[in-house]
Amino acid sequence: MHDLFDTLLHKAPALASSVDVLRPPAAPSLDREWQHLQRMLTAHAPSGGCLLPGSISDVVAQLAQELGLGGSYLREIGHSGNPGLSIGARTDAVDIVITAHIDRPSFRVRELTPGQGGVLYPICADRFPAPAYSAQAVAFRWEPGQGLIAGASGEFRADANTPGQYAFVNQQGQLELHDVVTLAAQPQLSDGVITGTGLDNCLGALSALYAARILRQAEAALSAAGRRIVIAFTDQEEGIPTAFFGHGAARLMHALPQPRIGAIVSDAHAVNPGIVEMGGGASHGTASAWGRGSYAPPNFHRLAVDLAGSLNLACPQTVQINHGYQSRSDDLGLSRWTRILGMSGPPMIRAHTAEESAHLGDVPRSALWLASFALACAGIDASLRRHYAQPA
């Protein structure tokens, strides 16, 4: 279907305004995106604590309200520990689940070094450059009556000679055994490139929020087709790669009906030179970890390729098909529950460090792609359902 995006526009005209502001020679201001991203990047987001008062979920709720999504917001999806949004038909059934994790690479305290800090162990993947790495870090703790607070700040140190064991050196306050530590960096923007920490996965989460705004504007088309999309901002995606991870996403299977169509994961993607580049729009993948993770069914893989070609004609550099290596994400847990339709997000480099970098302009393009792909997967048009063997 060479006119695939035109088919979506016919059913969901609201997509047109999102295309118009991104199509060259338009040069959209990204001030709003930068302000929103800064608020997310400076929020408290230790893995396991993202739904607590004082955490990043407060910022997600505020942004949802500001984007006109207050009526769609779910404080918590069931008892899953994840906030979310519900868009489309007013039904208990769910057709598509979109996840975007909001927790960050985190560390727990192994032992204290009195007066100095302590030794940490990871509850995330180690991607620090060898032989040694250091960065600023914050220790978060739950304080009864106050919520989730920053209890101590200091220097995080990693050494290749002691893998899986890290140091925290107190600079302000005292590390405690019940703390959870994340890296800390003040986000910077220069020539459209963001540098900081927490881009994994504030990039994917903000893209999902913006996509939800587009989907909300196209809600009539979803309702007419009887389709409902639930977006979950998941906790505890970060985990040890040799063990199970994506715990928050996995709990959705006990909080929602099994999706009739499948799931899409919105997470930042690693740059693949010559395949996926920063500034080239969203990255979209259909298989993770060379098959050790999840992989999309052939019909939805073809749908992504066809839609990408059609959308890039209407709005150049909206999406890049990622046929290189892609890390696993929430798809690990979700694939035991439902089909993975695809995985998308803005490209970035130096993940899990304090020097993560991405192009700010890729965020609104990732939102347009995510919303368009979700609408296409939802089969809001009979010809789409027929051409790509989608559920009626």
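Of the 19 residues of helix α5, 16 are buried, so this helix is largely enclosed by the rest of the structure; here buried means under 20% relative accessible area, exposed means over 50%, and partly exposed lies in between, using a 1.4 Å probe and protein chains only. The model is predicted, so local features need pLDDT of at least 70 and side-chain atom pairs count only at pLDDT 80 or more, while totals for chains, interfaces and linings use all residues. Residues are numbered from 1 along each chain as its sequence is written, and side-chain values use heavy atoms, with hydrogens and water left out.

Helix α5 covers residues 199-217, and at 1.5 Å a residue it should span 27 Å, which agrees with the 27 Å between its end C-alpha atoms; the expected span is 1.5 Å times one less than the number of residues. Asparagine 201 is found in this helix, α5, and a cis peptide bond with omega of about 15° joins aspartate 200 to asparagine 201.

The protein chain has 11 helices and 19 strands, where helices (H or I, at least four residues) and strands (E, at least two) are DSSP runs numbered from the N terminus. Its radius of gyration is 20 Å, close to the 21 Å that the globule rule gives for 392 residues, so the chain is as compact as a globular protein of that length; the radius is taken over C-alpha atoms, and the rule is 2.2 Å times the number of residues to the power 0.38. Buried residues make up 58% of the 392 residues in the chain. Among contacts between residues at least 6 apart in sequence, 77% join residues at least 24 apart, a contact being heavy atoms within 4.5 Å.

Another cis peptide bond joins alanine 130 and proline 131, with omega of about 5°, and proline 131 lies in the loop between β5 and β6 (132-143).

Two residues other than glycine have a positive phi, and they are set side by side below.

| Residue | Phi | Loop | Relative accessible area |
|---|---|---|---|
| Alanine 289 | near 55° | between β15 (282-285) and α8 (298-314) | 1%, buried |
| Glutamine 317 | about 60° | between α8 and β16 (319-322) | 52%, exposed |

Proline 114 lies in the loop between β4 (107-113) and β5 (117-122), and it is exposed, with a relative accessible area of 75%. The C-alpha atoms of proline 114 and tryptophan 34 are separated by 40 Å, and these residues are 80 apart along the chain.
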